[in-house]
Amino acid sequence: MVAAAPLFLKAALHEKMWGGTKLREYGFKLPSERTGEAWIVSAHPHGPSTVTNGQFAGQTLGNVWQDHPELFGGHPVDEAFPLLVKILDANRDLSIQVHPDDQYAKQHGEKYGKTESWYILSATSDAKLYYGHTAKTEQELRDAVTSGHIDRILRTVPVKAGDFYYVPSGTLHALGTGIVALETQQSSDLTFRFYDFDRVDPATGKKRELQVKDALAVTNVPHRDPQIKQEVTRIAHATMTQLVNATYFAVEKVVVNSAAVLTQEHRYLIQTVVAGQGSLTVNQRQYRLTKGVSYILPNQIQDYELNGQMILIESWAK
């Protein structure tokens, strides 16, 4: 019999030419000074996270998903874990890029497309991100890209800690220098690059490959900002802010200032501590929580308690 306990997870870390060292602030032991991504909740084969506690300690999240579907409310045998949660350190601009929808992604070997979202954890005073474009037609977008003047149609947005952006598939985008963000996305690792600032990857001595043809094929033209509705719910000692409730996932910000008794109402719930510290209590057992800790509350866990001074980002699949 499987005991009802949270699944605490060890992240898979990825070095990136644009990465840095700020992920240390979230408790990660970095493999290098260019660590760009911590895949904190992942069953993707390019970087699975590993369970660190209980009877599944040492197993990947993907293995637990496949072997114990009851922990996740049940799912078809061939269904992959649908979400991937990361923390990213953009020490330099990421490439100007776009992600495909489900249909296009399946043609390129991925089970899912890549709709994503960003909760900005920190940002330098001059930080900005690239979000959308001003091209009115596909030809205008194509001309800007092929002429080497993509900068003429890029939309830039200044950012600060606490901002949230929803990035549906087909949205031209990139995180800019000085941003650390928590990304909730579909479980996909398919990116089409428009432009990479003519940089040379020090690991290879070459410029990174661009995928302009595919990028043009999947980019939404004209760009339209998605309409998202944010709602605030308050209970004793906690405030929950719905950041997005969309097709593939929902994301909430949870602020805890003492002992808050909460109820898990989904097939399973993902939570990451992004500020502060405290504890999680499930079935009278207490677990210590610190900044950067991620875990899943399986289907069998309904009532639980968060205690301390903390901010968490939580998500669930739709």
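Which residue in β10 does S117 stand opposite? Here are a few notes to read alongside the structure, starting from that residue.

1. The answer is Y166: S117 stands opposite this residue in β10. Please keep in mind that this is a predicted model. S117 itself is found in strand β7, and that strand is a handy place to begin a tour.

2. Is S117 buried or exposed? S117 counts as buried, because its relative accessibility is 1% and the cut-off for buried is under 20%. Leaving aside neighbours within four places in sequence, S117 is in contact with a run of residues that includes F164, Y165, Y166 and V167. L182, E183 and T184 are also among its contacts, as are F249 and V251.

3. Now to the strand around it. Strand β7 covers residues 116-123 and pairs with β10 in the antiparallel sense, over four bridges. One of the bridge partners is easy to find on screen: E116 has V167 as its partner in β10.

4. β7 also pairs with strand β12, residues 179-186. These two strands run antiparallel and are joined by seven bridges. If you would like a residue pair to look for here, Y119 has L182 as its bridge partner in β12.

5. How many of the eight residues of β7 are buried? Six of them are, so the strand is largely enclosed by the rest of the structure.

6. Stepping back, β7 belongs to an open sheet of six strands, in the order β2-β3-β5-β12-β7-β10, with antiparallel pairing. The edge strands are β2 (12-20) and β10 (164-167), each of which pairs on one side only. On average, neighbouring strands of this sheet are turned by 25° against each other, direction ignored. As general background, strands of a sheet pair through backbone hydrogen bonds, either parallel or antiparallel.

7. The nonpolar cores deserve a look too. The largest one has 38 residues, and those with the most contacts inside it are F28, I40, V41, F72, F81, I87 and I296. Taking F28 as a guide, and leaving aside its neighbours within four places in sequence, you will find it in contact with A11, L13, L23, A38, I40, I87 and G292. Apart from this core lies another, of 37 residues, with L88, Y104, L175 and A181 among them.

Methods: Residues are numbered from 1 along each chain as its sequence is written. This is a predicted model: local features need pLDDT of at least 70, side-chain atom pairs count only at pLDDT 80 or more; totals for chains, interfaces and linings use all residues. Side-chain values use heavy atoms; hydrogens and water are left out. Two strands pair if DSSP finds at least two bridges between them. Axes are lines fitted to C-alpha atoms, for helices over the stretch in contact, and angles run from 0 to 180 degrees between N-to-C directions. A nonpolar core is a set of buried Ala, Val, Leu, Ile, Met, Phe, Trp, Tyr and Cys residues joined through side-chain atoms within 4.5 Å. Buried means under 20% relative accessible area, exposed over 50%, partly exposed in between (1.4 Å probe, protein chains only). Contact means heavy atoms within 4.5 Å.
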